[in-house]
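Visitor: I'm new to this one. Could you show me how to read its features, one at a time?

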Amino acid sequence: MTKPHIIYITGGAQGIGLGIAHTLLTDGYRVAITDIDKEALSAAAERLPRRENLLTLMADVSDEAQVAASLEKTVSHFGQLNGIVHNASIADPFHGPVEQLSLATWQAYLNTNLTGAFLCAKHGAAYLRPHGGSMVLMASSRAIQSEPDTEAYAASKGGIVALPHALAVSLGPDIRVNAVSPGWIEVGDWQKPSRQQPVEHRDIDREQHPAGRVGTPEDIAALTRFLLSKESGFITGQNFVADGGMTRKMIYAE
Ligand code: NAD
């Protein structure tokens with residue numbers, strides 16, 4: 001790269017977002033990460049390489065004014081914007097019967113996971129347009145398969161699979177928009193210190209995946225980097241499932 005690309009990542013202080021930031025910074029990109037967790041943002045700044053190319057911002061992706069302001073700060077700081085990764089989501093899927101799912105909880109999932117993507121597109125498009133920008137929206141394999149009692153999360157991710165084709169048609173050819181649907185990604189090592197958990201996988205966990213293992217943030221970062229780059233210039237409006245083949249494997253109860 002002659003001039004480092006500038007990428008804005010929501011929910012970049014932990015997990016997959018932190019993994020994407022790590023990969024991009026290592027490759028010479030300049031990266032702004034936003035998050036609502038101050039402690040995690042500080043820990044991320046300690047952990048990430050090439051800190052001179054990193055900007056950390058407190059911003060709630062479900063809040064329109066905070067999204068607009070953090071995008072503006074990113075452009076003021078780095079001079080331009082080439083890509084947006086909307087990765088933030090509410091961490092723990094609500095596991096309870098739909099009869100007990102409150103409207104407020106339902107709306108909280110939609111607001112962060114789906115409306116956040118809309119706000120990034122609405123306020124980021126003008127910055128991305130002059131540079132042939134790219135957006136990557138983090139969906140989930142749960143957009144296409146479910147456990148019981150995960151309606152709000154699944155619905156929010158279903159929206160994230162639909163939004164890229166709408167945005168790609170509206171914003172093309174200047175801006176490309178794609179979704180990534182991770183399967184089971186082990187993020188235990190990529191949390192702030194107080195949230196880190198020992199990572200242990202059983203044989204049955206590995207065997208559930210035709211690829212023979214659970215995924216890593218680096219797996220998702222590699223795909224995201226490709227979709228942000230000019231190498232993927234003929235790809236837009238798509239959803240890419242990165243799940244080690246888990247959703248392709250038939251599983252029968254023994
Ligand atoms: P994570 O909980 O490790 O990290 C999410 C980060 O987003 C956290 O730092 C959190 O503070 C931040 N965040 C939460 N709400 C926010 C808000 N309103 N504004 C800004 N930041 C906010 O999660 P993860 O497992 O790394 O997941 C990242 C993305 O990947 C999510 O969109 C998730 O749905 C998706 N995903 C993850 C998996 C997996 O197995 N880990 C599987 C499928 C999809």
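Guide: Sure, and keep in mind that this is a predicted model. Let's start with one side chain: at 49% relative accessibility, Lys122 counts as partly exposed.

Visitor: Which side chain does Lys122 meet in a salt bridge?

Guide: A salt bridge pairs a side-chain nitrogen of Lys or Arg with a carboxyl oxygen of Asp or Glu within 4 Å. Here the partner of Lys122 is Glu64, at 2.8 Å from N to O. Glu64 lies in helix H3 and Lys122 in helix H4, so their bridge ties together parts that are 58 residues apart in sequence. Glu64 is partly exposed too, with a relative accessible area of 34%.

Visitor: How many salt bridges are there by this rule?

Guide: The count comes to 10. Another one joins Arg129 and Asp174, at 3.7 Å. Arg129 sits in the loop between H4 and S5, and Asp174 in the loop between helix H5 and S6, so this pair links parts 45 residues apart in sequence.

Visitor: Is Asp205, which bridges to Arg202, buried or exposed?

Guide: To count as buried, a residue must be under 20% relative accessible area. Asp205 is at 5%, so it is buried, whereas its partner Arg202 is exposed at 54%. Bridges can also share partners: Asp37, Glu39 and Lys192 are joined into one network that way.

Visitor: And which residues of helix H7 are buried?

Guide: They are Pro217, Ile220, Ala221, Thr224, Leu227 and Leu228. Looking down the axis of H7, you'd see them fall within an arc of 125°, so they line one face of the helix. They pack against several elements, including strand S1, helix H1 and strand S7.

Methods
Residues are numbered from 1 along each chain as its sequence is written. This is a predicted model: local features need pLDDT of at least 70, side-chain atom pairs count only at pLDDT 80 or more; totals for chains, interfaces and linings use all residues. Side-chain values use heavy atoms; hydrogens and water are left out. Buried means under 20% relative accessible area, exposed over 50%, partly exposed in between (1.4 Å probe, protein chains only). Helices (H or I, at least four residues) and strands (E, at least two) are DSSP runs, numbered from the N terminus. The arc is that of the directions from the helix axis to the C-beta atoms. Contact means heavy atoms within 4.5 Å.
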